[in-house]
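The following note is offered to a colleague who is beginning to read protein models. Please keep the structure in view while going through the numbered points.

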Amino acid sequence: MISYKEPFFILETQSLTYAFKVMETKHLEHLYYGNKLSHDDLENLHTKLTAKARGVVDYSETEGKDVPLDLMTLEYSSFGKGDFKLSPLEVKMPDGTFVSDFIYHKHELINGIVPSDKLPTAHDGSDQTKSLIVTLKDTKFDIYLDLIYTIFFDSDVMTRRVVMRNHSKKSISIRKIMSMMFDIYGNHYEMLTLDGGGIKEGQKHITPVSYGTYINSSSTGISSYKHNPGVILLEKGTHEDYGNCYGFNLIYSGNHYTAIDQSSHGILRVMQGINPSFFEWDLKHEQSFETPTVVMTFSSKGLNDLSHHMHHFINHHIIPRQFKDVVRPIVINSWEAFYFDFNEKKLLNLAKKAKHLGIELFVLDDGWFSTRNNDLSGLGDYDVNTKKLKTGIKGLADKIRHMGLKFGLWFEPEMINPNSKLYQKHGEYSVQIEGREPSLGRHQLLLDLCNKEVRKYIIDQMSEIIDEAKLDYIKWDMNRYMTDVYSKHIKNQGMFFHTYVLGLYEILSTLRNKYPNILIETCSSGGNRFDLGMLIFGPQIWTSDNTDPIARLSIQKGMSYFYPLSTLSNHVSLSPHEQTLRKTPLHTRFNVAMFGVLGYELDFKYLSKTELKIIKEHILFYKMHRHELQFGDFYRFNEDDPYHMYYQVSKNDKHFYGDFQILTLPNPNLEMLKLKRLDKDKSYHMKSINQKMTLDKFGHLISHALPIKLNPNKFLFRLLTKLKMLDNAIEDVTLSGTALMHGYKLKQQFMGTYYNNQTRIMGDFGSQIYIIKESS
Ligand code: GLA
């Protein structure tokens, strides 16, 4: 519901209220964002100033109208009229000054969303989605700012963006324009961000906010894994299940920026939008500029609840409608199996084994085109390498489909290798500056998406392959940051980054509309472009090139602050792991990957029969529960034990709990399993999975337990390892929700003294999954 009760604007979702008012001066004062509020309270939520403060500038000395803007919590601000808090705007006005003064002009209430011309926005999907446009006008020039608000009632989420319209006679230049600004009282906040890098995406950091400006941004050209665009502002003391927190994320895949500014007088200002660094946008007479959309929400119940708002919103209003609630297929991806070294025979062999194990979609990754036998050449070309693929992509796709698998293909459409046919023909398609040696990233350059001809080239080339091979899936990769940015197709180079992103969105939406049913998984060397902009086009993202389950624990957990499990693509790969050389149990690799969209990325020929049998069981298990594992509510646990991590996913009456042991401690503590989100009065059956072990788990120690002495280096031991599995302890109890939430005392872990089939064997990197179902 959105209502206007002069002078108040009230935006309400299921359990939250957002309110602001038009002040006497016609500036907008922000009043409230929090739990649902009675409208009667609105009268008393404004800032109460009874005395002149020292050192402030009044907006106007006119009787009854003098307002020290610096002391107000404002809804959006201008620059140069007395608000000295960090400004959301830096605009060179028609008179050459940077001074603007935007005040209330009019407003409009709208059913549903307000569509955008060029930028991706959330879709409604519910008749309770309502929008509000509040138009502000500069007091001197015919320049307008439309503040666009949309409420997504069912998700407890709202979105904000602004459009600047220049109806003045002269051009103006925008150097900074934030999508939203949010002012609150308080100096007791912290800022949660996800930072990292390649193969260490999504690492959570909490920074105390003190006086000054705290920035989370990217200037790489993409959202980047250096700093994900999502930011949470949390009150000190807030944790996973307790406390007040505000979440912000941007539907944008380019240079983003969030600033949290703690100013004097205890006002804290948050703003989010396009990174103003290296940005300058010329806005001519009658032109308008639209910012990307900010997604925001609040919870008084801690970070898990805040994430659930975001997750619901993404599953219902961000990902393409045709994938809403649609379970995602289990993938076998060729990359870590073969890298560039494959031929049709190898691929078909892999597909055949995958099919036998229950896998549903075969994805041919990099290396299928042009001279692409390593990463030195070929990007930009689309001719199939028939030395590797005798019957072309179509031939391969047909054969794979004939086996009963779906078929998908890897592309890196935004790139060109200097060593490629395309470069020889159209070197000018690449992004570089004349007279400067361009910096290469993975031996490649960027294609200039500011150029219409380039956009058409990509769409045409991709369409041809999609049509020919009737692709079911596309992996859309992007493997370098932007440098040497210049395009002769734009006048002001300060417009490059944003024009590139608009070009990318144009290509993606053209292909999305043309092929609505293709499942697009986006990727950028893993999670280097994990953002809401990309999720508008493809419902899942390759979370990280790091598939080591122990490394993945914190990566997936980090991403879960903003993104639901249905968006996290997770693969099981071989051990020791390619990036860490860590040896991990197959069960743990699956147990981590199953919290999201499961896939495999390995050559099955390196696995034993026993391991293949286990994989088959894992896949069967995943298929039985995948709806819950992809679309359930994910719960994180407070990190009070560095040696363990716990995941829980819950949907309706089913719950899955993952207990991951990062390192074994000698003589370990006794442990409790403490579930969340159960109904205290209901009864539940909880059962763990019997994760049988092979003999080699115990190595030479086994000889102490058996009547015959076995040497682990000899044939008999190896044979028995293949044939004989040892049981692991199972928990199988029926208990009330109250008991399970209070904490269930688990069976003791192996303590180096004794083993029988009731001893819980976890070991280093061990894990256990518990299924909890309502029992009648
Ligand atoms: C990137 C991706 C990988 C793989 C390779 C192929 O690194 O993240 O998954 O597709 O490119 O070159």
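1. A salt bridge is a side-chain nitrogen of Lys or Arg within 4 Å of a carboxyl oxygen of Asp or Glu. The model shown is predicted. With this rule, the side chains of Lys 605 and Asp 603 qualify as a salt bridge, because their N to O distance is 3.9 Å. The two partners are not equally accessible: Lys 605 is exposed at 54% relative accessibility, whereas Asp 603 is buried at 8%.

2. A search of the whole structure gives 38 salt bridges. One of them joins Glu 344 and Lys 399, whose closest N and O atoms are 2.7 Å apart. This pair connects distant parts of the chain, as Glu 344 belongs to helix α3 (residues 344–357) and Lys 399 to helix α4 (residues 392–402), 55 residues apart. Glu 344 is buried, with 7% relative accessibility, while Lys 399 is partly exposed, with 32%.

3. Another salt bridge links Asp 633 with Arg 677, where the closest N and O atoms are 2.8 Å apart. Asp 633 is in strand β31 (residues 633–636) and Arg 677 is in the loop between β34 (672–673) and β35 (683–688), so the pair ties together parts that lie 44 residues apart in sequence. Both residues are partly exposed: the relative accessible area is 23% for Asp 633 and 33% for Arg 677. Elsewhere, Asp 83, Lys 85, Asp 183 and Arg 269 are joined into one network by salt bridges that share partners.

4. Is helix α9 (549–559) enclosed or open? Of its 11 residues, 10 are buried, so α9 is largely enclosed by the rest of the structure. Among the buried residues are Pro 549, Ile 550, Leu 553 and Met 559, and also Arg 552 and Lys 557. At the start of α9, a side-chain oxygen of Asp 548 comes within 2.8 Å of the backbone nitrogen of Ile 550.

5. Thr 543 is placed in the loop between β28 (540–542) and α9. Thr 543 has a relative accessible area of 0% and is therefore buried. Its side chain makes a polar contact of 3.5 Å with the side chain of Asn 570. Leaving aside residues up to four places away in sequence, Thr 543 touches several others, including Glu 201, Gly 526 and Phe 530, together with Arg 552, Ile 555 and Met 559. Those last three are also listed among the buried residues of α9.

6. Gln 432 lies in the loop between α5 (421–425) and β25 (445–446). Its side chain makes a polar contact of 2.9 Å with the side chain of Tyr 423, and another of 2.9 Å with the side chain of Ser 430. Beyond residues up to four places away in sequence, Gln 432 also touches Pro 438, Asp 484 and Tyr 486, among others. Gln 432 and Arg 512 are 80 residues apart in sequence and 29 Å apart in space, C-alpha to C-alpha.

7. How many disulfides are counted? The count is 0. Two cysteines may be inspected here: Cys 245 is buried at 0% relative accessibility, and Cys 523 is buried at 4%.

8. Finally, the surface. Ile 708, Phe 715, Leu 716, Leu 719 and Leu 723 make a nonpolar surface patch of about 510 Å². Leu 716 is part of helix α13 (residues 715–723) and is partly exposed, with a relative accessible area of 42%.

Note on methods
Residues numbered from 1 in each chain as written. Predicted model: local features only at pLDDT ≥ 70, side-chain atom pairs only at ≥ 80, totals over all residues. Heavy atoms only, no water. Helix = DSSP H or I, 4+ residues; strand = E, 2+ residues; numbered from the N terminus. Buried < 20%, exposed > 50% of the residue type's maximum accessible area, 1.4 Å probe, protein only. Polar contact = N/O pair within 3.5 Å; in protein donor to acceptor, adjacent residues only side chain to side chain. Contact = heavy atoms within 4.5 Å. Disulfide = S-S within 2.5 Å. Patch = residues over 30% accessible without salt bridge, like charges linked within 9 Å, V, L, I, M, F, W, Y side chains within 5 Å. Areas by Shrake-Rupley, 256 points an atom, 1.4 Å probe, with all protein chains shown as cover.
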